[in-house]
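Reader: Please explain how the descriptive terms applied to this model are justified.

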Amino acid sequence: MNIFDFPNYLWISFVIIIIFSVLSSLILKKHVISAILTFVVLGLIAFILPNFYDITYEPLLGYAAFMAIISLIVCLFTWYLMRKNQRRKAAKHSQNEGIEDGRQFNELKRRDK
């Protein structure tokens with residue numbers, strides 16, 4: 001038995017890692033912790049799973065490292081998009097304040113005349 005006999009383990013862990021990475025970045029705002037937790041949890045599974053199946057720990061540990069890198073990439077991409085969105089909102093907010101200040105200034109000019 002090898003790693004290719006575990007298709008459910010592969011796709012379920014992939015989906016869980018992606019969801020966990022996005023949620024930890026959006027909700028907790030902890031961007032690197034999900035990659036660390038991914039490696040630790042999948043690393044522990046890599047040493048526990050060979051006790052029940054005829055497989056060595058090396059491919060599972062390599063998969064854990066691969067998923068940790070994927071998790072880190074997803075987290076950094078989420079962080080980048082959040083930062084870009086915050087800058088866009090800040091620019092839009094500053095433009096709206098400038099328009100409101102300009103309207104107030106024009107109203108004050110009209111009153112003085």
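The exchange below concerns a predicted model.

Reader: Why is T38 called buried?

Author: The relative accessible area of T38 is 3%. Buried means under 20%; T38 therefore qualifies as buried. The residue lies in helix α2. Leaving aside neighbours within four places in sequence, T38 is in contact with I17, G43, M67, A68 and S71.

Reader: Which residues make up the largest nonpolar core, and which helices supply them?

Author: The core has 10 residues: Y9, I17, L42, A46, L49, I55, L60, Y63, A64 and M67. At least two of its residues come from each of α1 (7-28), α2 (33-48) and α3 (57-112). With 4 residues, α3 gives the most to this core.

Reader: What does Y9 touch, when residues up to four places away in sequence are not counted?

Author: On that basis Y9 touches L42, I45, L60 and Y63. Of these partners, L42, L60 and Y63 are listed in the largest nonpolar core, as is Y9 itself.

Reader: What makes up the lining of the largest pocket, by class?

Author: The lining has 9 nonpolar, 4 polar and no charged residues. Tyr and Ile, for instance, count as nonpolar, whereas Asp, Glu, Lys and Arg count as charged; the lining therefore contains none of those four residue types.

Reader: Where does this lining come from, and which residues lie nearest the pocket centre?

Author: The pocket, with a volume of about 170 Å³, is lined by 13 residues, of which S13, I16, I17, V41 and L42 lie nearest its centre. The elements giving two or more lining residues are α1 and α2, and the largest share, 7 residues, comes from α1.

How values were computed: Residues are numbered from 1 along each chain as its sequence is written. This is a predicted model: local features need pLDDT of at least 70, side-chain atom pairs count only at pLDDT 80 or more; totals for chains, interfaces and linings use all residues. Side-chain values use heavy atoms; hydrogens and water are left out. A nonpolar core is a set of buried Ala, Val, Leu, Ile, Met, Phe, Trp, Tyr and Cys residues joined through side-chain atoms within 4.5 Å. Buried means under 20% relative accessible area, exposed over 50%, partly exposed in between (1.4 Å probe, protein chains only). Contact means heavy atoms within 4.5 Å. On a 1 Å grid over the protein atoms alone, a cavity is a set of points where a 1.4 Å probe fits but cannot get out, and a pocket is an open set with protein on both sides within 12 Å along at least five of seven lines; lining residues have an atom within 4 Å of a point. Grid points are joined across faces, edges and corners, and a volume is the space filled by probe spheres set on the points.
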